[in-house]
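Please examine the sequence and the three-dimensional structure shown below. The explanation after them is intended as a guided reading.

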Amino acid sequence: MQIRFTDFNNAGNVVAGTYATEWAEIEHVLTAMPLHLKASDQAGIQGKAIFDPVGTNQHIADQLTTAPRSWAGGIPIPAEFSFLGTDIDFGKNGVVVEVQFSNYPFLLNNTVRSELFFRAQTVFHARPTQLVVIVTKAGMFPSSQSTLYYEQALNQLTALAQHGVFTVPIRLVGLFTPVGHVSATWTEYSAARYSRTVGSRSQRQFTIINGRAGRCRIDQVLTANDF
């Protein structure tokens with residue numbers, strides 16, 4: 001996939017000065033990742049291809065937490081801060097990575113608790129928290145209703161930063177893909193809604209077409225085997 005990112009609170013200098021290796025690992029995992037799609041179960045677009053957050057999240061976890069990168073995953077939040085959630089997604093050497101494909105209000109929770117971890121110098125892996133990377137999908141992808149997208153997250157964090165709401169260095173990352181013909185990982189789950197159990201997974205061909213207000217349409221390219 002392709003990525004775009006925006007830095008807040010001097011995150012770019014923090015990366016360049018201390019965390020170039022950790023960022024290179026994150027960047028490689030994201031840019032080498034295929035697009036993950038699934039069928040929508042939403043009324044009106046049932047069966048249409050939409051962004052697959054479960055498959056995407058699993059791919060990131062599989063690639064980050066195994067050797068040679070060996071990031072820690074699902075790190076428990078200390079008991080004194082458990083009112084803000086159970087765990088962070090990934091951590092290494094003072095870098096916290098949160099993959100945020102949930103409903104858009106959860107971004108504020110991620111931001112507030114990241115600020116708390118930064119100020120409290122909470123250690124999740126080896127060093128106190130110094131940098132937070134938040135990964136989101138682009139608004140170009142059809143997706144489940146009310147889920148966060150990069151452009152929306154950018155607007156929220158920009159407004160918060162302008163008013164000094166948070167001081168933690170944050171790198172906000174958006175996942176994009178070129179318009180046109182793409183190969184994507186298509187997953188069918190054991191249940192249409194909320195299931196994480198994979199029924200089948202295959203590579204399929206799709207055409208991504210520009211739509212209104214930046215939202216694209218994703219059509220499967222049918223072959224003789226599909227009839």
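The paragraphs that follow go through the strands, the helices, the nonpolar core and the aromatic rings. The model is a predicted one.

An open sheet of 6 strands is a convenient starting point, with the order E1-E10-E9-E6-E5-E4 and mixed pairing. Strand E1 (2-8) and strand E4 (72-76) are its edge strands, each pairing on one side only. From one strand to the next, the twist averages 30 degrees. Within this sheet, strand E9 (residues 131-137) and strand E10 (residues 170-176) are parallel and share 6 bridges. Val132 has Ile170 in E10 as its bridge partner.

Two helices lie across strands of this sheet. Helix H1 (residues 11-18) lies across E1, E9 and E10, and runs at about 95 degrees to E10. Helix H3 (residues 53-65) lies across E4, strand E5 (87-92), strand E6 (95-99) and E10, with an angle of about 35 degrees to E5.

Further pairing involves strand E11 (residues 180-189). Strand E2 (residues 35-39) runs parallel to E11 and is joined to E11 by 3 bridges; here His36 stands opposite Thr185. E11 also pairs with strand E12 (residues 198-209), in the antiparallel sense and over 10 bridges, and Thr187 stands opposite Arg201 in E12. Because 7 of the 10 residues of E11 are buried, this strand is largely enclosed by the rest of the structure.

The next topic is the interior. The largest nonpolar core has 61 residues, of which Leu30, Leu35, Val97 and Val133 touch the most other members. Apart from neighbours within four places in sequence, Val97 is in contact with Ile26, Trp71, Asp89, Phe90, Val133 and Val135.

Is the charged residue Glu25, found in helix H2 (residues 20-32), buried or exposed? Its relative accessible area is 15%, and Glu25 is therefore buried, the limit for that term being under 20%. Beyond residues up to four places away in sequence, Glu25 touches Leu64, Arg69, Trp71 and Lys92. Trp71 is thus named among the contacts of Val97 and among those of Glu25.

Arg4 is found in strand E1. The C-alpha atoms of Arg4 and Ala138 are separated by 9.1 Å, although these residues are 134 residues apart along the chain. Outside its neighbours within four places in sequence, Arg4 is in contact with Tyr150, Leu172, Val173, Gly174 and Phe176. With Phe176 the arrangement is specific: Arg4 lies over the face of the ring, at 3.9 Å from the ring centre. A further case is Arg215, whose charged end sits over the ring of Tyr149, 5.9 Å from its centre.

The aromatic rings also associate with one another, and the structure holds 8 aromatic pairs. One of them is the tilted pair of Phe81 and Phe117, with 6.1 Å from centre to centre and 50 degrees between the planes. This pair links distant parts of the chain, since Phe81 is in the loop between E4 and E5 and Phe117 is in helix H4 (residues 106-120), 36 residues apart. Both residues, Phe81 and Phe117, are buried. Why is the pair of Phe117 and Phe124 edge-to-face? The ring centres of Phe117 and Phe124 are 4.9 Å apart and the planes are at 75 degrees, so the pair is edge-to-face, a term that applies to planes over 60 degrees apart. Phe124 is buried, as is Phe117. Elsewhere, Phe51, Phe101 and Phe141 form one aromatic cluster.

Technical notes
Residues are numbered from 1 along each chain as its sequence is written. This is a predicted model: local features need pLDDT of at least 70, side-chain atom pairs count only at pLDDT 80 or more; totals for chains, interfaces and linings use all residues. Side-chain values use heavy atoms; hydrogens and water are left out. Two strands pair if DSSP finds at least two bridges between them. Helices (H or I, at least four residues) and strands (E, at least two) are DSSP runs, numbered from the N terminus. Axes are lines fitted to C-alpha atoms, for helices over the stretch in contact, and angles run from 0 to 180 degrees between N-to-C directions. Contact means heavy atoms within 4.5 Å. Buried means under 20% relative accessible area, exposed over 50%, partly exposed in between (1.4 Å probe, protein chains only). A nonpolar core is a set of buried Ala, Val, Leu, Ile, Met, Phe, Trp, Tyr and Cys residues joined through side-chain atoms within 4.5 Å. Rings of Phe, Tyr and Trp (its six-membered ring) pair if their centres lie within 6.5 Å; planes under 30 degrees apart count as stacked, over 60 as edge-to-face and the rest as tilted. A charge sits over a ring if NZ of Lys or CZ of Arg is within 6 Å of the ring centre and within 35 degrees of the ring normal.
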